[in-house]
Amino acid sequence: MSNQILLTLAIVGGTGSEGSGLAMRLVRSGYRVIIGSRSAQKATERATELNSTMGEPGLISGAENLQAVREADLVMLTVPFAAQRQIIETIRPALKGKILINVGACVNPDRPAQVELPPAGSSSLDAQEQLGGDTRVVAAFQNVSSEYLSDPERPIDCDVLVCGDDAEAKVAAMHLVEAIGLVAYDAGPLKNSIVAEGMTSILVGINKRYHARLAGIRITGVSQ
Ligand SMILES: NC(=O)c1ccc[n+]([C@@H]2O[C@H](COP(=O)([O-])OP(=O)(O)OC[C@H]3O[C@@H](n4cnc5c(N)ncnc54)[C@H](OP(=O)(O)O)[C@@H]3O)[C@@H](O)[C@H]2O)c1
């Protein structure tokens, strides 16, 4: 544990596989984590399950999305793109002045292995467009499979590209990545999330073609 215990993270859509995995990893790294859901009951039940998996009751809590965001210093978004605008609208009153770390990637459920990005360019750009300048959006974790995250003991063989237009917000996201033992790369402006999100579909396709489940990315040739 470290002084990160002072930071509270809300994971909006944290009842899903990606958000739940991140919750377990991040709480273990010393953050306080609130699972957010459209249903407070579903959030609380999921938090109880995750605490049970980790053998530490009470570490992770659950709340309805807006309440979770109200209580948070940092907000992560882990929802399917089709639901993103609607969910952001419900949490918007509590997002003003906060950093939103979007984990979501625009993936067409009918053709997940084919890159199909939205008119804004990516789900992160879409979120920034929707929220305007009051909330700083950063993209991160798009290439980390929930299969890795779901087992908090399993080493993760994947680097993390972090894209954003605000330097402070990007550093906050990079700290989260490093806290769970992964290497974070400053991958440039939020516009570059187009590539990180497109890579998600490429990894889905590689998994399919090579009968794998854990395809990820590594940046080579850079000493950190
Ligand atoms: N799974 C992965 O390996 C992976 C890897 C990298 C990036 N991602 C991205 O991360 C995001 C989350 O992935 P996931 O696999 O965790 O997604 P998921 O399990 O399908 O959904 C996450 C949560 O979003 C909410 N949600 C789902 N459908 C909704 C709808 N139609 N309307 C409103 N809310 C809805 C649900 O929360 P409540 O019902 O509790 O509100 C759900 O538990 C996606 O954008 C995905 O592309 C996933």
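This is a short guided tour of the structure above, stop by stop.

**Before you start**

You are looking at a predicted model, in which local features need pLDDT of at least 70 and side-chain atom pairs count only at pLDDT 80 or more, while totals for chains, interfaces and linings use all residues. Residue numbers start from 1 along each chain, following the sequence as written. Helices (H or I, at least four residues) and strands (E, at least two) are DSSP runs, numbered from the N terminus.

**Stop 1: the sheet**

Colour the strands and look at them together. You will find 8 strands in an open sheet with mixed pairing, in the order β3-β2-β1-β4-β5-β6-β7-β8; two strands pair if DSSP finds at least two bridges between them. At the edges are β3 (60-64) and β8 (184-186), and each has a single partner strand, so one side of each has no neighbour in the sheet. On average, neighbouring strands of this sheet are turned by 25° against each other, direction ignored. Axes here are lines fitted to C-alpha atoms, for helices over the stretch in contact, and angles run from 0 to 180 degrees between N-to-C directions.

**Stop 2: strand β2 and its partners**

Now select residues 32-37, which make up β2. Is this strand mostly covered or mostly open? It is mostly covered, with 5 of its 6 residues buried. A residue is buried if 20 or more other C-beta atoms lie within 10 Å of its own, exposed if 12 or fewer, and partly exposed in between, with C-beta atoms placed from the backbone.

On one side, β2 runs parallel to β1 (residues 8-12), joined by 5 bridges. Try selecting Ile11: its bridge partner in β2 is Ile35. β2 is also parallel to β3, again with 5 bridges. Here Gly36 stands opposite Ala63, and Ser37 stands opposite Glu64.

Follow the chain through this region. β1, α1 and β2 form a right-handed β-α-β unit, and so do β2, α2 and β3. A crossover is right-handed if, with the strands pointing away from the viewer, the path from the first strand over the helix to the second runs clockwise.

**Stop 3: helices on the sheet**

Select α2 (residues 40-54), which lies across β2 and β3 and runs at about 170° to β3. Then move to α7 (residues 167-179), which packs on the sheet and touches β4 (74-77), β5 (99-102), β6, β7 (160-164) and β8. The direction of α7 makes about 165° with that of β7. Contact means that the C-beta atoms of two residues, placed from the backbone, lie within 7 Å.

**Stop 4: around the ligand**

Show the ligand and the residues around it. Which residues come nearest? Of the 25 around the ligand, they are Gly13, Gly16, Ser37, Ala83 and Gly104; a residue counts as near a molecule or strand if its C-beta atom, placed from the backbone, lies within 6 Å of it. You met Ser37 a moment ago, opposite Glu64 in β3. Helices α1 (17-28) and α4 (81-95) each supply at least two residues of this shell, and α4 gives the largest share, with 4 residues. By type, the shell has 10 nonpolar, 12 polar and 3 charged residues.

**Stop 5: two positive phi values**

Most residues other than glycine have a negative phi. Select Phe141, where phi is near 75°. This residue sits in the loop between β6 (136-139) and α6 (146-149) and is buried, with 28 other C-beta atoms within 10 Å. Next, select His211, where phi is near 50°. His211 lies in the segment after α8 (193-209) and is exposed, with 6 C-beta neighbours inside 10 Å.

**Stop 6: two buried residues**

Finish with Ile180, in the loop between α7 and β8. Ile180 is buried, with 21 other C-beta atoms within 10 Å. Leaving out residues up to four places away in sequence, Ile180 touches Arg25, Leu26 and Ser29.

Then select Thr200 in helix α8, which is also buried, with 21 other C-beta atoms within 10 Å. Its contacts beyond four places in sequence are Ala105, Val107, Gln142 and Asn143. For a last distance, find Glu116: Thr200 and Glu116 are 84 residues apart in sequence and 11 Å apart in space, C-alpha to C-alpha.

Key
Nonpolar A, V, L, I, M, F, W, Y, C, P; charged D, E, K, R; others polar.
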